[in-house]
Amino acid sequence: MSQLLLHRLLEGTLTDSETGERLSVPVRKVTIGTGLGPVAAQLVASLGLGRRLAVVMDPDTRRAMGEAVAGALSAGHLVESIVLDAHPHPDMEVVEEVRAMSREADGLIAVGSGSINDIVKHAAHLSGKPYAVFGTALSMNGYTSSSAAITEKGLKKSLASTAPQGVFLDLDVLAAAPKRLIAAGFGDSICRCTAQTDWLMSHLIRDTRYREIPFALQREEEAALMAHPGRLIAGDREAVALLARMLVLSGFGMTLAGGSYPASQSEHLVAHYIDMRGQNLPRAYHGEHIAVTTVTVARLQERMLGRTSLAIRASADTPALFAREFGAQLGAECWSAFEPKLLDEEGAAALNRRLAADWPDIRRRLLAVSRPSTEVKAALQSVDAPVKPADVGIPDPFYSEALRNARRIRDRFGVLDLAEAAGELDDFVAAEMARPAAHA
């Protein structure tokens with residue numbers, strides 16, 4: 001059924017049950033199978049990428065699939081292989097390097113996963129060129145999205161970018177990827193529950209836009225994965241294909257939503273803060289940070305949804321406070337991103353009237369889409385994913401700082417904002433830091 005749903009989405013015959021509209025996505029082709037590297041030329045032949053192609057990879061993804069892809073493409077294309085440094089960071093400096101090195105190319109091919117895909121996607125967008133991606137790991141859900149997570153002027157942003165013309169996922173390559181990467185991909189998918197709860201919360205409390213279709217797309221895959229997640233790290237091809245489809249559909253959900261809203265809320269803000277300001281931390285994958293932050297945010301959502309009544313206060317945030325926390329330049333960038341959701345006295349009074357009347361119904365609707373934190377944690381542990389800050393080398397003081405400040409780096413109103421407005425955030429953070437490590 002899910003494969004049929006994916007096919008109908010690509011051909012434009014799937015209908016949104018909420019609106020009745022036909023759904024369309026800019027990606028023309030998704031192939032999930034085996035033996036894809038040697039047939040790369042046939043796979044991209046109908047995509048209109050041009051004759052001159054820049055194939056972008058790093059040393060690891062070159063060995064995993066890049067050489068096979070570049071070799072196959074060279075039979076019918078002029079191929080320039082661009083090998084970035086190991087573990088490239090997705091920031092504007094690297095994006096501009098890729099743009100410069102691919103200046104003569106008609107189209108770009110990314111061979112990799114999170115960072116490589118985001119870098120090439122945004123470079124293609126800025127250059128006005130088409131691109132396709134051969135994924136080497138199921139470490140994240142951004143393959144099919146039309147946004148890229150890029151650090152610009154020290155601030156992690158979700159930037160509008162070019163969606164790929166084609167996405168090609170080889171199950172043998174994906175299953176052979178380090179188990180940490182597979183666990184990271186599961187971490188980046190399990191946050192559906194916290195992201196949906198936050199996004200729906202913002203809609204119900206602050207009237208922001210919300211769509212159900214991104215979650216309907218991946219519901220079947222999520223249920224199957226959550227039933228037996230341990231199969232992923234056992235190399236089960238069916239489980240790997242299941243996660244591949246879920247991540248592809250999650251990316252399409254972001255495209256249909258017009259941004260990363262259905263897959264990136266409070267849990268991602270904390271992870272982005274860690275990425276922005278944790279320069280001396282041990283290297284960890286994005287999805288590993290998301291695994292940890294999802295468990296934490298799920299606990300905070302439980303705390304807030306456990307309240308039978310709720311009242312909030314106006315924000316005490318100011319540009320001066322942001323300058324003290326982040327420094328002058330980054331503080332100004334963060335304030336500009338944060339200010340649209342600033343809650344003044346009048347806004348707080350209006351929301352308190354709404355909460356007094358509607359909180360029981362809001363709470364009921366949010367509980368219906370959330371997951372218990374214990375369930376999230378158990379599923380992550382079954383794939384050997386990290387579940388607490390120490391598992392990824394994050395010291396408690398810095399994690400505490402991230403929980404308190406992450407809401408200040410983006411305009412998305414989520415449970416971190418609600419908890420702060422209700423006077424609950426500091427107490428929650430203190431309780432989290434006091435949690436015994438053995439029971440985290």
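Which residues does phenylalanine 186 touch, not counting residues up to four places away in sequence? In this predicted model, the list runs to Leu138, Leu225, Met226, Pro229, Leu232, Leu243, Ala379, Leu380 and Val383. Two of these contacts, Leu232 and Leu380, turn up again alongside Phe186 when the largest nonpolar core is examined: together with Leu9, Leu84, Leu217 and Phe252, they touch the most other members of that core, which has 69 residues. Helix α10 gives the most to this core, with 12 residues. Apart from it lies another core, this one of 55 residues, and among them are Leu200, Leu366, Phe413 and Val429. As a rule of thumb, nonpolar side chains in soluble globular proteins tend to be buried together.

Next comes the sheet. Six strands make up an open sheet with parallel pairing, and reading across it gives the order β1-β8-β5-β4-β2-β3. The edges belong to β1 (29–33) and β3 (78–83); each has a single partner strand, so one side of each is left without a neighbour in the sheet. Going from one strand to the next, the twist averages 15 degrees. To zoom in on one pairing, strand β4 (residues 107–112) runs parallel to β5 and is joined to it by five bridges. Leucine 108 stands opposite tyrosine 131 in β5.

Helices lie across this sheet. Helix α3, made of residues 59–73, lies across β2 (52–57), β3, β4, β5 and β8 (166–170), and runs at about 140 degrees to β4. Helix α10 (residues 237–257), already met as the helix that gives the most to the largest core, lies across β1 and β8. The angle between α10 and β1 is about 165 degrees.

Now for a few single residues, starting with methionine 140. Its place is in the loop between β5 (131–135) and β6 (147–152). A loop residue could be buried or exposed; methionine 140 counts as buried because its relative accessibility is 6%, and the cut-off for buried is under 20%. Leaving aside neighbours within four places in sequence, methionine 140 is in contact with Ser113, Gly114, Asn117, Gly185, Asp188 and Leu247. There is also a link back to the opening residue: methionine 140 and phenylalanine 186 are 46 residues apart along the chain, yet 7.9 Å separates their C-alpha atoms.

Serine 264 is another loop residue, found between α10 and α11 (266–277). With 6% relative accessibility, serine 264 counts as buried too. Leaving out residues up to four places away in sequence, serine 264 touches Ala195, His272 and Arg412.

Histidine 289, on the other hand, sits in a helix, namely α12 (residues 286–305). Its relative accessible area is 10%, so histidine 289 is buried. The contacts of histidine 289, again without residues up to four places away in sequence, are Ala271, Ile274, Ala284, Val392 and Ile394.

Finally, there is some empty space inside. The structure holds two cavities of 30 Å³ or more, and in the largest cavity lies about 40 Å³ of space. The lining of the largest cavity consists of Asn141, Asp188, Ser189, Cys191, Arg192, Gln218, Ser250, Pro262 and Ala263. One of these lining residues, Asp188, is also among the contacts of methionine 140.

Notes: Residues are numbered from 1 along each chain as its sequence is written. This is a predicted model: local features need pLDDT of at least 70, side-chain atom pairs count only at pLDDT 80 or more; totals for chains, interfaces and linings use all residues. Side-chain values use heavy atoms; hydrogens and water are left out. Helices (H or I, at least four residues) and strands (E, at least two) are DSSP runs, numbered from the N terminus. Buried means under 20% relative accessible area, exposed over 50%, partly exposed in between (1.4 Å probe, protein chains only). Contact means heavy atoms within 4.5 Å. Two strands pair if DSSP finds at least two bridges between them. Axes are lines fitted to C-alpha atoms, for helices over the stretch in contact, and angles run from 0 to 180 degrees between N-to-C directions. A nonpolar core is a set of buried Ala, Val, Leu, Ile, Met, Phe, Trp, Tyr and Cys residues joined through side-chain atoms within 4.5 Å. On a 1 Å grid over the protein atoms alone, a cavity is a set of points where a 1.4 Å probe fits but cannot get out, and a pocket is an open set with protein on both sides within 12 Å along at least five of seven lines; lining residues have an atom within 4 Å of a point. Grid points are joined across faces, edges and corners, and a volume is the space filled by probe spheres set on the points.
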